[in-house]
Amino acid sequence: MLAILRDLLRYNVEFRIGIVLVGFILVLSMLSVVSPYPPQDVYVVPPDVPPSPSYWLGTTSRGQDVFWQLTFAIRNTLLFGGTVALISRVLALVIGLLSGYKGGWIDRVLMSVNDTFIVIPLLPMLVLFYFVMRDSMSWLMLALIMACLGWAYDARLIRSVAISLKTREFTQSSVFSGMSTGEILVQEHLPYVMPIVFSTTMNNMIWSIGLEVTLAVLGFTDINTPTIGGMIYWANQHTAMVAGVWWWITFPTIAVIMTFIGLFLLAVSMNEYIDPRSRLGRMGRVAS
Amino acid sequence: MSGYLAYIAKRLVQFVLVVFIGINLAYVITHATPIDPVEQSISAVTSFGNTAPEAIEQMRISLRELYGLEGSALQQYLVFWKRILRADFGPSMSAFPTPVSTLIARALPWTTGLLVVSTIVSWVLGNWLGGLAGYYQKSRALKLLGVIAMGLHPMPYYILALLLLIVFGFLWPVLPIGGGSAMNLPETWTWAFAASVLQHAILPALSLILIGVGSWFLGMRSLVSNVVTEDYVVYAELAGVDSRRVLSSYVMRNALIPQVTGLAISLGGIFNGAVITEKVFGYPGVGSLLVDAVYAGDYGLVLGVTTISILGVSIGVLVIDLLYPLLDPRVKVN
């Protein structure tokens, strides 16, 4: 594991940039622990102060310090993406491994459902969900429902690997040695799909954070929990751009772009690492 | 030929399944939640002022009927399907008494136009440039394009639309940033109207196209860089086939096949993008309709737009699936 990290750091520019971006964002989110103001409080600092030595990123029209608000927002946004990714990874793994290993009608049924979830436009679904739930819509509930909707694409990916694992000799010998399906999937097949799981985690976080930002900006989430989208929502509510309070909207936007590009670069470099063809190419580059 | 028919039959079954599961999801969301949508709407209406108790009771009865909350669970379910199959979502509450179906029919051409044009432009452009970048791997300009695509692809549609809005709305106001056409023009088939529609579509389309080109570019580049190492490409090059011909008929054509499947898969995501882009630029399409309907608490309209978008996206996927055999002749044989 550490050797992989070292290799990636040494030979992969994308990975290096990704690590720097994600690391910066992580540090920023951890600073929320030492914030002098609670995240929910408003009018704790003078409103509409431009970036200055005393307020690094300025203050909002609601009298909040943009910098400290941003640390909470990033923390919540990352937690949200992580929660969705974690739950949907479990779903994708169970469905993908089972479908690939079992084959037959189980595979056909699961993959039909799977393809449906890939195709259905999710934003209107989530909007409908918000419409029904309204104020009872909590942060965790949104994460749960997005996890239930966001596993399909990765399940297909995992299934394609599981199909090839099934024909390998060690699967046969596990069957003959009397292992149950569950044991084979968890002990024998799971380690082989872990690299894919890691890289899809990044992509899934990009997807869920992107949707969360979109919903929050429209005001379709729990807007009192500070997230990046929530910050932009409040800035729009106070017409920050027109009022000239540009720092209120610019800094969250920069933070979220850094998060997306960082996560994406990590996913790309991991994919490249997994793909044997590009690994050969990389060895060639090092040798020459 | 029989392979082709089997392929089409399979796609049709999948289409029906997508619509079925999608509509059922909508049913579960609207009916299995602990919150009563009727009481929600009533409290939304009554919060604006005092309403007589009899009027509230009257409203409660008519809303329960409208939401299909009368009768047993099975009856409710059947009523739900009947409404959807007839495209009857009742009158809109926010634009009373216009029927929901009329509102959607009015908005649909805008969204369809925006989506079809921007999807085709970004798919063609992204694949063409990505193909070139995968084939001519030494080109500096194409490498730079790759870096830009890396930055564009993971961006959510909202953020890019917001950036475009800031650039063209505040910093360099040369393009209209709101509406579908100029306010004072009648919606008739005149050149002035068409020009105005095009001008207003530039920014919403651009935000969809930029992200789209980024994604297709990256996908195509990695596909092509894998295909060029195949034996038949090496053979063709050694045999002295013109390099442009190798690129178009040997490399691109084979790499394009997964990209067609990719288009079908990502259609739902592109539609999501259109919804938010329309809202940012005040484009009079289905997306703006949906968001405004939520703000206005218009249940019929929200449900109507959701089901129509499931149907629309599934039809789009079906059309792509049916065109697929034209590109991949293997489907006809299998």
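Visitor: How does K279(B) count at 26% relative accessibility?
Guide: Let's start with the cut-offs: buried means under 20% relative accessible area, exposed means over 50%, and partly exposed lies in between (1.4 Å probe, protein chains only). At 26%, K279(B) falls in the middle class, so K279(B) counts as partly exposed.

Visitor: What ipTM does the predictor give the complex?
Guide: This is a predicted model, where local features need pLDDT of at least 70, side-chain atom pairs count only at pLDDT 80 or more, and totals for chains, interfaces and linings use all residues. Residues are numbered from 1 along each chain as its sequence is written, chains are lettered from A and ligands numbered from 1 in the order in which they are written, and side-chain values use heavy atoms, leaving out hydrogens and water. For the complex, the predictor gives a pTM of 0.86 and an ipTM of 0.84.

Visitor: In chain B, which helix has the highest confidence?
Guide: Confidence here is pLDDT, which the predictor gives each residue from 0 to 100. Chain B has a mean of 84, and 92% of its residues reach 70 or more. Helices (H or I, at least four residues) and strands (E, at least two) are DSSP runs, numbered from the N terminus. Confidence in chain B is lowest in helix α13 (residues 330-333), at a mean of 66, and highest, at 92, in helix α5 (residues 100-135) of chain B.

Visitor: Which side chain meets K279(B) in a salt bridge?
Guide: A salt bridge needs a side-chain nitrogen of Lys or Arg within 4 Å of a carboxyl oxygen of Asp or Glu. K279(B) has such a partner at 2.9 Å, N to O, in D292(B). K279(B) lies in helix α10 of chain B and its partner in helix α11, so the pair ties together parts 13 residues apart in sequence. That partner, partly exposed at 37% relative accessibility, is D292(B).

Visitor: How many residues apart are R11(B) and D321(B)?
Guide: These two form a salt bridge, with their closest N and O atoms 3.3 Å apart. R11(B) is in helix α1 of chain B and D321(B) is in helix α12, so-called distant parts of the chain. R11(B) is partly exposed at 24%, while D321(B) is buried at 13%. Along the chain, the two are 310 residues apart.

Visitor: Are D107(A) and R159(A) buried or exposed?
Guide: D107(A) and R159(A) form a salt bridge, the closest N and O atoms being 2.7 Å apart. The pair links helix α4 (residues 104-119) and helix α7 (residues 152-166) of chain A. Both residues are buried.

Visitor: What is the area buried between chain B and chain A?
Guide: Contact means heavy atoms within 4.5 Å, and it takes 50 residues from chain B and 47 residues from chain A. Buried area is the accessible area (1.4 Å probe) that two parts lose on being put together, summed over both. Carbon and sulfur atoms give 82% of a total of about 4,200 Å².

Visitor: How many salt bridges are there between chain B and chain A?
Guide: The structure holds five salt bridges over all chains. Between chain B and chain A, the count is zero.

Visitor: Which helix holds N127(B)?
Guide: N127(B) counts as buried because its relative accessibility is 3%. Leaving aside neighbours within four places in sequence, its contacts include W216(B), M252(B) and Q259(B). N127(B) itself is found in chain B's helix α5.
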